[in-house]
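Me: I'm new to reading protein models. Could you walk me through a few features, one at a time?

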Amino acid sequence: MIDNVADPIAPVQQAVPDVDPWPLTIATYNIHGAIGTDGRFAPERVAEVLGEIGADIIALQEVPLGGSKTPNVLAMLQEATGFVAAEGPACDRPERRYGNAVLTRYPILSMRTIDLSFGSREPRGALDADVDCHGHLLRVVATHLGLRPAERRAQIRRLLQVFDTEEMPVILLGDINEWFVWGRSLRWLVSHFQPVPAPRTFPSRKPIFALDRIWIRPRHRLVHVEVHATPLARVASDHLPLIAHIDG
């Protein structure tokens with residue numbers, strides 16, 4: 001249970017997009033429940049990091065989504081950014097709702113949740129949203145995979161079966177939790193999407209592991225991938241945000 005009361009979050013100023021959305025900036029960010037590396041619950045810091053990034057579409061993991069014993073951090077971040085928000089709770093109980101989310105400056109036409117829970121392990125899922133970028137449709141699949149190899153393999157198999165589509169570009173992004181460079185789950189994803197850069201994002205103060213990933217199909221639309229490693233980002237969460245630029 002989080003008892004801390006956060007300071008009010010100042011709105012983040014956002015530029016009005018042109019009719020042509022390209023290039024788009026996409027980001028994924030595990031916000032660790034808005035608890036920073038100093039142990040302080042501070043969603044206003046997460047909002048400031050989002051303002052630094054200036055992304056058009058943001059996938060978030062470990063997001064408190066409200067309940068009788070938890071704050072609704074997504075609502076705070078939506079108010080701060082002025083973006084459209086979609087939630088994909090992996091844990092959905094009256095006292096605690098928690099999971100994935102997507103924030104986007106563009107309309108979400110439809111959304112689905114994918115249950116990726118594995119046995120008695122912590123509930124996991126993916127949020128699958130169709131985003132309309134001025135008539136250019138993108139399918140955005142935001143996820144947070146499990147900690148054990150067998151769990152991740154089952155979850156990747158499920159994702160590859162469910163979300164692949166030829167009708168629109170597909171972006172898979174989130175905290176993949178794969179510690180092993182040659183783990184089977186990563187090999188399957190690389191085989192499906194083609195190789196992409198994988199900068200280190202965890203732990204935020206001194207990154208060692210590339211746990212957070214962004215893939216896009218078709219691959220040629222991915223222009224550049226980078227880590228957002230500002231002083232604020234290093235303290236706002238235990239993960240650093242990962243950013244990708246994609247073109248039309």
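Reply: Sure! Let's begin with Arg139, which sits in strand β7. Keep in mind that this is a predicted model.

Me: Okay. Is Arg139 buried or exposed?

Reply: The idea is to look at relative accessible area, where under 20% counts as buried. Arg139 has 12%, so this arginine is buried.

Me: And what does the side chain of Arg139 make a polar contact with?

Reply: With the side chain of Asp128, at 2.7 Å. The pair also counts as a salt bridge, and the closest N and O atoms are 2.7 Å apart. Arg139 belongs to strand β7 and Asp128 to strand β6, so the pair ties together parts that are 11 residues apart in sequence. Asp128 is buried, just as Arg139 is.

Me: What's the general idea behind such pairs?

Reply: Side chains of opposite charge can pair when their charged atoms come close. Here you can go beyond a single pair: a network of salt bridges links Arg112, Asp128, Asp130 and Arg139.

Me: How many salt bridges are there by this rule?

Reply: The count comes to 13. One of them joins Arg97 to Asp92, with 2.9 Å between the closest N and O atoms. Arg97 is at 18% relative accessibility, so Arg97 counts as buried. Another joins Arg124 and Glu122 at 3.5 Å, N to O. In that pair, Arg124 is buried at 7%, while Glu122 is partly exposed at 45%.

Me: Now cysteines. How many disulfides does the structure hold?

Reply: First the idea: a disulfide is a covalent bond between the sulfur atoms of two cysteines. This structure holds zero of them. You can still check where cysteines sit: Cys91 is buried at 9%, and Cys133 is buried at 0%.

Me: How do I read a helix?

Reply: Take its residue count and its end-to-end reach, then compare that with 1.5 Å a residue. Helix α3 covers residues 149-162, which is 14 residues, and reaches 20 Å from first C-alpha to last, close to the expected 20 Å. Next, look for its buried residues, among them Ile156 and Leu159. The buried residues of α3 pack against strands β5, β6, β7 and β8 and against helix α4.

Me: Can loops have buried residues too? Where is Leu211 found?

Reply: Leu211 is in the loop between α4 and β9, and with a relative accessible area of 1% it is buried. It's also a nice lesson in sequence versus space: Leu211 and Asp175 are 36 residues apart in sequence, but 5.7 Å apart in space, C-alpha to C-alpha. Leaving out residues up to four places away in sequence, Leu211 touches several others, including Trp179, Phe202 and His239.

Me: Last one: what should I look for in the backbone?

Reply: Most residues other than glycine have a negative phi, and most peptide bonds are trans. So look for the exceptions. The bond from Trp22 to Pro23 is cis, with omega near -10 degrees, and Pro23 lies in the segment before β1. Phe202 and Pro203 are joined by a cis bond as well, with omega about -10 degrees.

Me: Which phi value does Asn177 have?

Reply: A positive one, about 60 degrees, although Asn177 is not a glycine. Asn177 lies in the loop between β8 and α4 and is buried at 5%. Gln194 also has a positive phi, near 80 degrees, but Gln194 is partly exposed at 46%.

Definitions and conventions:
Residues are numbered from 1 along each chain as its sequence is written. This is a predicted model: local features need pLDDT of at least 70, side-chain atom pairs count only at pLDDT 80 or more; totals for chains, interfaces and linings use all residues. Side-chain values use heavy atoms; hydrogens and water are left out. Helices (H or I, at least four residues) and strands (E, at least two) are DSSP runs, numbered from the N terminus. The expected span of a helix is 1.5 Å times one less than its number of residues. Buried means under 20% relative accessible area, exposed over 50%, partly exposed in between (1.4 Å probe, protein chains only). Contact means heavy atoms within 4.5 Å. A disulfide is a pair of cysteine sulfur atoms within 2.5 Å. A polar contact is a pair of N or O atoms within 3.5 Å; within protein, one must be able to donate a hydrogen and the other to accept it, and residues adjacent in sequence count only if both atoms are side-chain atoms. A salt bridge is a side-chain nitrogen of Lys or Arg within 4 Å of a carboxyl oxygen of Asp or Glu.
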